[in-house]
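Here is a brief report on the voids of one protein structure. Which parts of the chain line them?

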Amino acid sequence: MAGMGRQQIAALFEQMSHALALDGNDHFRALAYEKAARTLRGWEEDVTQLSVERLAELPGIGHDLAAKIAEGAETGRIHACEREIGKYPGALLGLFEIRGLGPKTIALLHRRHGVTGVDDLRRLLASGGLVGTPGFGEAKIASLREAIQSWAGSAGRMLLGEALPKAEALLSELRKLAEVEQAEAAGSLRRGVETVGDLDVVVTSRHGEGVLAQAARLKGVSEVLALGPTRASLLFGGLQVDIRAVAAAAFGAALLYFTGSKAHNTRLRGLARQRKWKLNEYGLFRGARRLAGASEAEIYRELGMAFIPPELREDRGEIEAAVAGRLPRLIAPGDVRGDFHAHTTYSDGRADVAAMVAAAEARGYAYVGLSDHSPSARIAHGLEPERLRRKQAELEAARRTRGDRPPRILLGSEVDILPDGRLDYPDDVLAELDVVIAAVHANFKQSREQMTQRLLRAIANPYVRIVAHPTARLIGSRPPVDFDLERVAGAAAQAGVALEVNGSPQRLDLNDSMARAARAAGAWLAIGSDAHSTAQYDNMRFGVIQARRGWVEADAVVNTWPWSRVEQWLAMRRQAARATA
Ligand code: DGT
Ligand code: CA
Ligand code: CA
């Protein structure tokens, strides 16, 4: 049996921590496993190659856990964990994934109602069987229903940010196969949808059947679900993959078909039919004659429209725009010149100021905002004014030694928006900052009107330049807060405040359609990586993809601007504040 990878071990440790928590007597061991799982998830190198001694030096991993990691990496199993987890019915531990359910509640549901998993819990809710159970008032039951719904909405789907690197690894392996000519991802992944059900891949080869058989034997393939002459269905790194092998002359047609969306394709087929043509996964045909098929571009051209970027293919007006020659010039990764939203070890980042600056320089950024949390973010180790001053001094020193070398280093802060819309730092502290990012991190359940007022008040603060992750949602685990986007974006537009498209894979907030609506209301956007490590600067990419899905052009995004324009924008409201003070 193959050894386990880092993420697999992390997942097993997490289950182990849940099993121990259910047991109720092993609180500290449960915490230890949870912490180790987090360390493994966040670690950037391949820990499975390390010796037990080196593993034991990782944060939160003692000798005992180090030995278990080594056991998993070598043998593919960790016996002690399997034994503990095996004490519970298979699906019971899955209940931990549902927001609001902790060990005490799960144990109670199990003991009192025989619940062994989500399905049982659903039935119990539907039959009203929970009513009268201590601790399950009306509000609790309602929020449990909502939590199950949002869990089900994302179950079986993988975050784009997780799926994309896996897809790229697979594509690069496929392209190495001698008989593969082209290999491209299609489906929701290519459209940049925030979660991916399965990965669709199109390859061209003169020996399709042989190539698919080779694909099924690639490293990283854990299961072959189906294997035929034109199609293989595999499990690769936990992601289900459908590979179709086609002839080069049909590559564009197959790519178009399997990229979807279904709604987009249906419209295209309708347009073809109007001309008495036929569009399918083999090509665009007039009678038996193939008008186009080798590339998507020629198919769009024959249909009388501009090439439509995959992110727009949702039948949200893109076909009309392409026919009229009015597609937006979408922002691209190369347009980004800086990042205002990165954390350091001053709050909850894993890399210190020097490392974050060096990594921003390596990315070629002209400016970077090191924006740590404000004090009320206690778990995130927010900075009270005293430590903020220490950070300011460190940035000042870094600027002196670096001279003119980019990036420009901005003292930023991600400042909590308190429940009433005031900010978590007083104005005299805000005045010291180069960039103020305001964000909601608590009290998510306010009414629509309260939340709208809260955001409007934050935007009215003359120091605020960006509102980060405006809905505060976490995909699959926390629903978006409710507010009037049109009013908030309108006020942001008036004040020159940018609304963030947060690129962190669990957030993607604003999402695609909200980013589009914010633009329609005239607001600027800022794409932020929300990096908590040097590697997470890469989240910028996912933010750019969501912005593209929102029809966003580069000029609307403040961090595509050259420094001279950013400087004016940052100074804008501050000057207004001074003038009225
Ligand atoms: P997913 O996998 O749930 O994240 O979403 P997609 O969009 O990747 O959907 P999937 O994998 O079922 O199919 C990939 C593409 O193939 C889809 O976007 C359009 C095309 N397709 C699949 N089934 C049909 C169908 O029955 N009719 C048409 N017109 N297109 C289809
Ligand atoms: Ca798919
Ligand atoms: Ca599929």
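The report takes one pocket and one cavity in turn.

This is a predicted model.

**The second largest pocket**

The volume of the second largest pocket is about 300 Å³. Its lining counts 13 residues. Nearest the pocket centre lie Leu 164, Glu 184, Leu 189, Arg 190 and Arg 541. Four elements each supply at least two lining residues: helix 9 (160–176), strand 2 (182–185), helix 10 (187–191) and helix 22 (539–549). Helix 9 has the largest share, with four residues. By class, the lining splits into six nonpolar, one polar and six charged residues.

**The largest cavity**

How many cavities of 30 Å³ or more does the structure hold? There is one. The largest cavity encloses about 40 Å³ of space. Its lining consists of Ala 253, Leu 256, Tyr 257, Asn 265, Arg 269, Leu 279 and Asn 280. Helix 12 (251–259), helix 13 (262–274) and strand 8 (278–280) each give two or more residues to this lining. Helix 12 contributes the most, with three residues. Four of the lining residues are nonpolar, two are polar and one is charged.

**Side by side**

The table sets out volume and lining classes for each void.

| Void | Volume | Lining residues by class |
|---|---|---|
| Second largest pocket | about 300 Å³ | six nonpolar, one polar, six charged |
| Largest cavity | about 40 Å³ | four nonpolar, two polar, one charged |

Definitions and conventions. Residues are numbered from 1 along each chain as its sequence is written. Chains are lettered from A and ligands numbered from 1 in the order in which they are written. This is a predicted model: local features need pLDDT of at least 70, side-chain atom pairs count only at pLDDT 80 or more; totals for chains, interfaces and linings use all residues. Side-chain values use heavy atoms; hydrogens and water are left out. On a 1 Å grid over the protein atoms alone, a cavity is a set of points where a 1.4 Å probe fits but cannot get out, and a pocket is an open set with protein on both sides within 12 Å along at least five of seven lines; lining residues have an atom within 4 Å of a point. Grid points are joined across faces, edges and corners, and a volume is the space filled by probe spheres set on the points. Ala, Val, Leu, Ile, Met, Phe, Trp, Tyr, Cys and Pro count as nonpolar, Asp, Glu, Lys and Arg as charged, and the others, Gly among them, as polar.
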